[in-house]
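Hi everyone, and thanks for making time for this. I'd like to walk through one structure with you, going sheet by sheet and then on to some helix packing. Please have the viewer open.

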Amino acid sequence: MFKRPFFIGAVLSITLVASPLAFAKAKFDKVSEVEGISEYNLDNGLRVLLFPDQTKETVTVNVTYHVGSKHENYGETGMAHLLEHLVFKGSPKHKDIPAELSSHGARPNGTTWTDRTNYFETFAANEKNINWALSMESDRMVNSFIAKEDLDSEMTVVRNEFERGENSPFRITLQKMAASAYMWHNYGKSTIGAKADLENVPIDRLKAFYKMYYQPDNATLIVAGKFVEAEMLELVNKYFAPIPKPDRVIRPLYTAEPAQDGEKSVTIRRVGDVQMTGAAYHIPAGSHEDYAAIDVLSQILGDTPSGRLHKALVEQKLASRVFGFNFQWQEPGLAIYFAEVDKKADITKASDAMVAVLEDLNSQPITDAEVERAKRTLLKNIELSFNSSERIALNLSEWLGMGDWRLYFLHRDRIEQVNTADVQRVANRYLQRNNRTAGHFIPTDTPDRVEIPAVASVNDMVKDYKGRAKIAAGEVFEPSFENIDSRTVETELSNGTELSLLSKKTRGGSVVASIKMSLGTEESLQDIGIVGNATSAMLMRGTSELSRQEIQDEFDKLKAQVSLAGGTDWLVANITTTKENLSSALTLMHKVLSDPGFDKTEFEQYKSTLKVDIEKNLQDPQRLAFNEYGRKQNPYKDGHPHYQRTFQESLDALNDLKLTDLSAFHQSFYGGNHMKIGVVGDFDQNQIKTVLESLFGDWVAKSTYERVPDTYQNVTASPSNFDTPDKENATFVAAIMLPVGENSEDAPALELGNYIFGGGFLNSRLATRLRQKDGLSYGAGSFINMNSRDQKATMGAYAICAPQNLSKVENGFKEELIRLLKDGFTDEEIQSAKSGLLQGKKVSRAQDRELVGTLRRNLAVDRTMQWYKAYEAKLEALTAEDVNRVMNKYLKLENFSIIKAGDMSKVEG
């Protein structure tokens with residue numbers, strides 16, 4: 001259960017016995033329909049939102065309860081979130097929910113926020129899964145065990161989660177700021193709660209809280225994905241209508257935060273490697289008319305690199321990073337702005353400069369260009385979200401928390417209507433000294449109070465709202481191996497660039513492209529250091545003709561979401577856009593890749609930001625432990641392309657990095673002749689091939705390319721400890737390297753065995769032991785990565801815990817590994833894990849962003865989807881005896897390197 005930051009081929013046919021008469025008897029009232037989403041009400045008060053999407057091979061079920069941390073009473077802080085954990089512990093009909101989620105291959109979670117709590121799962125669309133999900137959610141709505149023994153173990157897990165948050169300078173600073181900003185309203189209390197409340201809350205209070213708020217008349221069921229609406233209504237009626245409407249009454253909340261009398265401040269002094277300064281301002285509720293203009297204002301102020309704060313602080317070297325965001329709540333929230341400052345820099349100058357930007361917008365008025373740019377970015381993200389029914393299903397929880405799901409669409413409309421005068425008006429009204437929490441309190445004879453307007457009625461706002469025409473639905477696409485292969489066209493450009501193209505009709509005309517460029521040879525890449533990483537990082541910071549901001553603006557105009565990352569011997573660029581914009585987006589990406597500007601100012605900003613990021617890692621237990629894991633799994637000598645640096649080595653390399661190094665690296669190694677490009681979605685194959693030929697067909701790298709091998713090395717296990725004083729959280733990692741690649745006969749059994757040992761959702765053996773049973777860790781599990789070409793696999797196990805529990809966690813890991821090797825897995829475990837893994841792989845093939853990566857990688861390893869079919873057939877045929885033999889063949893306790901990081905003065909045993 002990961003919550004929001006503390007403070008922050010064939011259409012599915014569901015065969016039913018019910019006749020049309022049975023559906024007629026279903027007591028549903030259709031309330032409204034907006035842009036393809038229909039709302040119904042049951043007699044027991046349950047609200048139901050249905051969003052059929054035949055282009056998906058998945059279904060998402062999301063239940064949102066109108067209860068969050070603001071509903072907690074004295075002594076109950078953190079109760080809403082703690083209850084979220086306990087609801088995963090089971091109910092009479094579904095006694096082991098984590099195991100069921102894994103066996104159905106679901107992608108689940110639960111989240112708690114101020115105004116709402118939600119539980120969701122995305123799974124392969126079939127009759128069995130849909131019935132299971134609706135049965136499970138209806139049963140745990142009112143019949144969850146909420147047992148004392150579960151509270152005793154889960155309390156320590158949540159406490160561990162609490163302690164993890166205490167390690168973050170940003171989170172703890174934000175939490176203290178919010179607590180200061182709100183004198184009376186519960187928005188000032190962290191969703192994670194107070195440690196004393198977590199440790200002492202009695203089970204009867206949790207049960208009372210559950211029975212009060214977990215009822216059909218306080219919940220909204222959202223179902224999105226591949227189903228027939230009428231048939232889904234019958235199923236919803238079958239599982240949820242029998243739940244009676246409760247007699248209890250939920251009393252409305254009435255505490256309102258008074259206007260602030262003057263600026264406030266809070267200072268936290270703790271161990272750390274970065275300074276932070278922030279400013280928070282009270283703003284209206286997310287449903288208020290002013291909120292759209294405030295959203296635009298925060299984008300203008302906090303964006304990188306166009307934002308005013310970035311230009312005033314980062315470009316002037318007063319801060320390494322700035323950002324801004326709003327808490328969009330049912331009741332008046334906060335607009336928040338932050339700056340990260342190097343620990344050796346003057347934080348007062350940064351703080352003063354930030355306040356000057358925020359509160360002096362009369363002398364530097366908001367411009368039309370700024371407003372149009374901000375609106376374009378916000379609207380692009382909203383519009384692209386409409387292309388995914390799954391994302392919509394999850395996003396609606398936030399708007400339900402604010403009062404009504406239709407506010408999502410209304411907010412979009414309001415942003416479109418915002419003008420410069422609106423933004424200037426809200427800036428002048430809310431960004432005032434006396435409404436700020438960040439500075440010192442100073443008495444004044446004439447306090448200037450800012451009254452936050454109330455929302456009269458959300459119902460009046462949305463009752464006649466009709467929305468727009470539905471987005472084009474796309475085609476039904478069966479993600480079978482044969483269908484993918486038959487629809488995929490593999491071809492080449494004149495310079496040898498390989499293409500894998502899969503064209504299909506998609507919702508909203510969406511399309512994704514993935515480009516990978518392979519660089520150099522083992523010899524030519526010796527002693528390159530961090531130059532390759534830095535070169536790729538600088539590409540989006542400007543070309544010879546376009547600035548960093550102009551690149552961002554152009555991609556926004558093209559409604560394109562892009563990501564770009566690279567290392568010493570590789571670079572990957574991903575684009576998500578629409579059919580009509582794909583050609584232009586690819587043209588712009590070619591410009592970014594082939595014609596970098598390597599601007600000196602941007603280079604200095606990059607180095608400054610990266611320096612602070614690395615310095616933060618020096619005292620972060622989790623970062624230290626996993627960086628050491630990478631070093632043990634890549635035991636190469638310094639200078640080798642695969643060498644993994646320590647954080648201090650990275651700082652030293654950063655200090656020596658020169659802009660001329662990047663230019664030379666780009667000129668030598670970048671080119672289109674060693675590219676693999678995948679495109680999946682709504683596009684014309686012939687047109688896009690012609691476009692790609694014109695862009696990349698004659699771009700050839702000066703240096704040759706030969707893949708750098710990544711071979712298995714038989715290294716001796718060795719322990720590593722990192723002391724991070726005054727950190728409330730610790731990290732345990734175990735590492736082992738194995739002579740197994742994806743093409744090995746033992747690969748399927750090894751993957752399945754790892755899934756049972758530590759890969760399942762909360763019900764893996766490690767998670768069951770360390771979290772569910774012992775209550776030592778918020779997150780525990782294992783993972784394995786097998787090389788697609790070389791016979792090498794890297795496997796690791798991990799857990800986060802309090803420092804004093806490190807020894808217990810280590811002992812728990814060792815005991816579970818010994819038990820695995822001695823007793824093996826049961827037939828029941830094998831069957832359940834196979835079901836979960838195989839369904840999860842099908843869900844992955846149904847996601848265009850994941851499928852395009854698979855098709856691109858197939859070019860590199862000379863595969864078709866038949867390889868995956870054969871692999872999954874081997875996995876399906878595995879028996880417990882097969883898996884136990886392979887696990888004993890490769891896993892030996894003494895071959896694991898144990899890594900521990902935390903405050904070693906607190907370690908017990």
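Let's begin with a definition: two strands count as paired if DSSP finds at least two bridges between them. Keep in mind, too, that what you see is a predicted model.

With that in hand, look at strand E12, residues 488-492, and strand E13, residues 498-503. They run antiparallel and are joined by 5 bridges. One place to see this is Glu492, which stands opposite Glu498 in E13. Together E12 and E13 form a hairpin, with 5 residues between them. If you click on Gly496 in that turn, you'll find a positive phi of about 100°.

E13 has another partner as well. It runs parallel to strand E17, residues 675-681, and 6 bridges join the two. Here Glu498 turns up again, with Lys676 of E17 as its bridge partner.

While we're in this area, let me point out a glycine. Gly697 sits in the loop between helix H26, residues 685-696, and strand E18. Is Gly697 buried or exposed? Its relative accessibility is 6%, and the cut-off for buried is under 20%, so Gly697 counts as buried. Leaving aside residues up to four places away in sequence, Gly697 touches Leu493, Ser494, Asn495 and Leu692. By contrast, if you want a long ruler line on your screen, try Gly697 to Ile530: they are 167 residues apart in sequence and 29 Å apart in space, C-alpha to C-alpha.

Next, the sheet that E18 belongs to. It is an open sheet of 5 strands in the order E18-E22-E19-E21-E20, and the pairing is mixed. At the edges are E18, residues 720-723, and E20, residues 777-786, each pairing on one side only. On average, neighbouring strands in this sheet are turned by 10° against each other, with direction ignored.

I'd like to spend a moment on strand E22, residues 897-902. With E18 the pairing is parallel, over 4 bridges. Ser720 stands opposite Ile899 of E22, and Phe722 has Ala901 as its bridge partner. With E19, E22 pairs in the antiparallel sense over 5 bridges, and there Ile899 is the bridge partner of Val733.

So how many residues of E22 are buried? The count is 6 of the 6, so E22 is largely enclosed by the rest of the structure. Ser897, Ile899 and Ala901 point one way from the strand, while Ile898, Lys900 and Gly902 point the other way. Do notice that Lys900 is on that buried list.

There is also a helix on this sheet. H23, residues 621-633, lies across E18, E19, E20, E21 and E22, and runs at about 10° to E19.

Let's move to another sheet. This one is open too, with 4 strands in the order E9-E10-E8-E11 and antiparallel pairing. E9, residues 321-326, and E11, residues 436-437, stand at the edges with a single partner strand each, so one side of each has no neighbour in the sheet. E11 pairs with E8, residues 274-283, in the antiparallel sense over 2 bridges, and Ala280 stands opposite Thr437 of E11. Helix H12, residues 347-359, packs on this sheet and touches E8, E10 and E11, with its direction at about 25° to that of E8.

Finally, the helix pairs. In general, two packed helices are described by the angle between their axes and the distance between the axes.

Our common member is H22, residues 600-617. It packs with H24, residues 647-656, at an angle of about 165°, with the axes 9 Å apart. That makes H22 roughly antiparallel to H24. The crossing is left-handed. On the H22 side, the contact includes Leu610 and Ile614, and on the H24 side it includes Phe647 and Leu654. The residues of this contact divide into 5 nonpolar, 3 polar and 3 charged.

H22 also meets H19, residues 531-538. Their axes come within 11 Å and cross at roughly 120°, and the two helices are therefore oblique to each other. H19 passes H22 in a right-handed crossing. Asn533, Ala534, Ala537 and Met538 of H19 make the contact with Glu602, Phe603 and Tyr606 of H22. By class, that contact has 5 nonpolar, 1 polar and 1 charged residues.

That's the tour. Thanks for listening!

Key
Residues numbered from 1 in each chain as written. Predicted model: local features only at pLDDT ≥ 70, side-chain atom pairs only at ≥ 80, totals over all residues. Heavy atoms only, no water. Axes fitted to C-alpha atoms, helices over the stretch in contact; angles between N-to-C directions. Parallel < 35°, antiparallel > 145°, perpendicular 65-115°, else oblique. Left-handed = near helix turned anticlockwise from the far one by under 90°. Contact = heavy atoms within 4.5 Å. Nonpolar A, V, L, I, M, F, W, Y, C, P; charged D, E, K, R; others polar. Buried < 20%, exposed > 50% of the residue type's maximum accessible area, 1.4 Å probe, protein only.
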